[in-house]
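Trainee: I keep skimming over the details whenever I open a new model. Could you pick one spot, take a slow look at it with me, and then move outward from there?

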Amino acid sequence: MKQGSGLPVFPGVAIGKAVVYQKAQRQEAVASGDPAIEQAKFEEACATAKEQLSQLFEKAKADLGEEQAAIVEVQMLMLDDLDYLEAVAGEIANGAAAATAAADCGENIAQVFASLDDEYMKARSADIRDVSQRVADILNGGSGFHLPEGKFLLVAEDLAPSETIQLPRERILAFVTRQGSSSSHTAILARTLNIPSLVQSDISLEDAAQCETLAVDGFTGNWYMDPDAQTLEMLRKKQAEADSDRQALEAYRGRKSVTKSGKQILLCANIGSPEDAEAAVAADAEGIGLMRSEFLYLGRENLPSEDELFEAYKKVAQIMGERPVVIRTLDIGADKQVDYMNLDKEENPALGLRGLRICLTREEIFRPQLRAIYRASAYGNLNVMFPMVASVWELQEAKALCKKIREELEAEGVPTKEVPIGVMVETPAAAVIAHELAKEAAFFSVGTNDLTQYTLAVDRQNAKLGRFYDPYHPALLALLAHIAKSANEAGIWAGICGELGADPKMTETFLKMGYSELSMAPGRILATRRLVCESEE
Ligand code: PEP
Ligand code: MG
């Protein structure tokens with residue numbers, strides 16, 4: 001038995017066959033010496049690639065919706081791009097093997113696109129590389145990634161979004177990656193699929209490919225290869241307990257979250273994409289308490305347009321219907337970086353230009369978000385909140401722009417609805433002046449992850465500081481109590497959307513403090529509802 005660990009991103013236990021996903025190795029293709037033969041091989045490979053992509057497009061559309069499937073559509077169009085086709089024909093005429101020409105020309109064009117100023121063109125470079133590599137892989141005899149029958153645990157160095165959308169989701173028992181973070185695409189997918197998963201693991205891909213059985217404990221973050229009888233028994237017991245607990249929780253599905261004394265609490269889901277909203281509904285969420293809109297900005301190479309944002313928000317609004325949805329405006333900076341925004345490298349990014357500060361500094365980034373939110377407001381029950389607020393004037397400035405944008409849209413004849421504007425309370429300053437902010441805000445949602453980091457001056461990203469990062473610290477509890485009291489006195493609602501919102505040790509305390517909303521990963525909702533319903537509060 002071999003064992004190791006990683007960062008768990010979803011609890012549960014999975015035991016089964018490991019499949020290692022390896023990106024296709026670049027092989028040195030040998031030219032036949034006859035350009036006509038190489039050209040014919042290239043054209044045949046392009047036809048096969050088109051066929052594969054069109055099947056992938058249908059699958060992505062059915063599984064993930066039109067928007068995600070558009071990645072594939074763009075790649076299909078590139079196989080008809082004259083610049084690419086002529087460049088490949090030129091290399092082949094000069095004696096290159098079809099596979100080498102396909103990959104090299106793709107790489108050359110990708111590099112030209114990557115160096116352009118236009119953000120849209122820049123973003124196309126990854127697609128060109130992806131599609132030309134697909135053609136080269138076909139010419140080299142396939143990608144070498146073959147899935148066995150049945151269900152399996154997927155092990156990989158890392159997975160790109162274009163790779164995850166090709167996977168047969170229903171057959172994956174767990175993800176184990178060597179790279180990635182808890183906000184990586186793989187982690188989000190794992191949470192959406194409710195499957196135990198580890199990122200940043202110390203697993204060896206070679207060993208995983210050889211082992212008979214791989215087991216993942218998403219509660220502790222441990223993985224085991226060919227576990228011995230005792231370990232297997234321990235894991236099976238945990239798995240059975242988790243299964244029977246999940247069954248018991250089903251009794252709480254469809255119920256309201258009401259305490260024994262009749263206090264009603266809203267239990268909502270944290271999401272990162274429109275697809276997650278479907279998982280939230282499946283998990284019986286009573287709303288979306290935090291849509292981390294920055295996920296719409298990650299894993300791409302240009303800013304999403306107003307229309308793209310609008311489509312995403314509209315989809316969430318429609319999926320959730322009358323249930324409330326809180327969209328947090330862009331919270332880029334600190335742990336979530338995107339190169340294409342060309343933000344300065346900072347000495348202290350956690351204290352730098354992040355969250356609302358970026359939006360108030362660069363209106364061209366703020367505007368499309370607010371316009372998209374107001375446009376989408378007509379389709380559901382949307383709320384907006386701003387991250388990293390520290391002062392009242394920041395909220396006032398953001399609110400003024402909201403007002404202006406709503407007026408602008410009305411003048412354009414675009415229907416909008418009132419969108420309650422709230423504050424994400426995650427800086428100690430905002431917590432201390434909560435009574436002042438409450439005069440201007442329609443609600444508070446506490447980001448306990450950052451509030452803990454900033455109150456205790458402990459980097460939330462630094463695993464070595466684990467025991468110093470104490471979300472139960474009396475200073476935190478005092479701030480949390482003050483925030484809820486300020487909200488209640490001002491007659492606005494207060495919720496928790498940081499990780500602490502799903503912490504069973506805190507549910508009763510939050511109820512006592514006067515919080516009326518808790519937002520969490522969808523998979524935690526029924527367990528929290530049980531606690532709320534059992535509470536005397
Ligand atoms: C938080 O800070 O608690 C929070 C919910 O936001 P994020 O984790 O995205 O910073
Ligand atoms: Mg935060």
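Mentor: Sure, let's start with Thr416, which is buried, with a relative accessible area of 12%. Keep in mind that this is a predicted model. Why does Thr416 get called buried? The label applies under 20% relative accessible area, and Thr416 comes in at 12%, so it qualifies. As for where you'd find Thr416, look in the loop that runs between α14 (392-411) and β14 (421-425).

Now follow the Thr416 side chain. There's a polar contact of 2.9 Å between the side chains of Thr416 and Arg406. Glu410 joins in too, its side chain making a polar contact of 2.8 Å with that of Thr416. Arg406 and Glu410 both carry numbers that fall inside the 392-411 span of α14.

For contrast, jump to Gly33, in the loop between β4 (18-21) and α1 (35-64). Gly33 has 66% relative accessibility, so it counts as exposed. Here the cut-off is over 50%. Gly33 and Gln22 are 11 residues apart along the chain, and their C-alpha atoms are separated by 31 Å.

Next stop, ligand 1. The space it takes is the largest cavity. Around ligand 1 there are 14 residues, and the ones that come nearest are Arg292, Arg328, Gly447, Asn449 and Arg460. By class, that shell has 7 charged, 4 polar and 3 nonpolar residues. Which elements each supply at least two residues of the shell? Those are β11 (288-292) and α17 (448-456), and α17 gives the most, with 3 residues.

Then zoom in on the oxygen atoms of ligand 1. One sits 2.7 Å from a backbone N or O atom of Asn449. With Arg328, the side chain does the work on the protein side: one of its N or O atoms is 2.8 Å from an oxygen atom of ligand 1. Glu426 also has a polar side-chain atom 3.0 Å from a ligand 1 oxygen. As for how covered the ligand is, ligand 1 taken alone exposes 290 Å², and the protein buries 99% of that.

So, flipping back and forth, you've got Thr416 buried in its loop, Gly33 exposed in another, and ligand 1 in the largest cavity.

Methods:
Residues numbered from 1 in each chain as written. Chains lettered and ligands numbered in written order. Predicted model: local features only at pLDDT ≥ 70, side-chain atom pairs only at ≥ 80, totals over all residues. Heavy atoms only, no water. Near = heavy atom within 4 Å. Polar contact = N/O pair within 3.5 Å; in protein donor to acceptor, adjacent residues only side chain to side chain. Areas by Shrake-Rupley, 256 points an atom, 1.4 Å probe, with all protein chains shown as cover. 1 Å grid on protein atoms, 1.4 Å probe; cavity = no way out; pocket = protein on both sides within 12 Å on 5 of 7 lines; lining within 4 Å. Sits in = over half its atoms within 2 Å of the grid points. Helix = DSSP H or I, 4+ residues; strand = E, 2+ residues; numbered from the N terminus. Nonpolar A, V, L, I, M, F, W, Y, C, P; charged D, E, K, R; others polar. Buried < 20%, exposed > 50% of the residue type's maximum accessible area, 1.4 Å probe, protein only.
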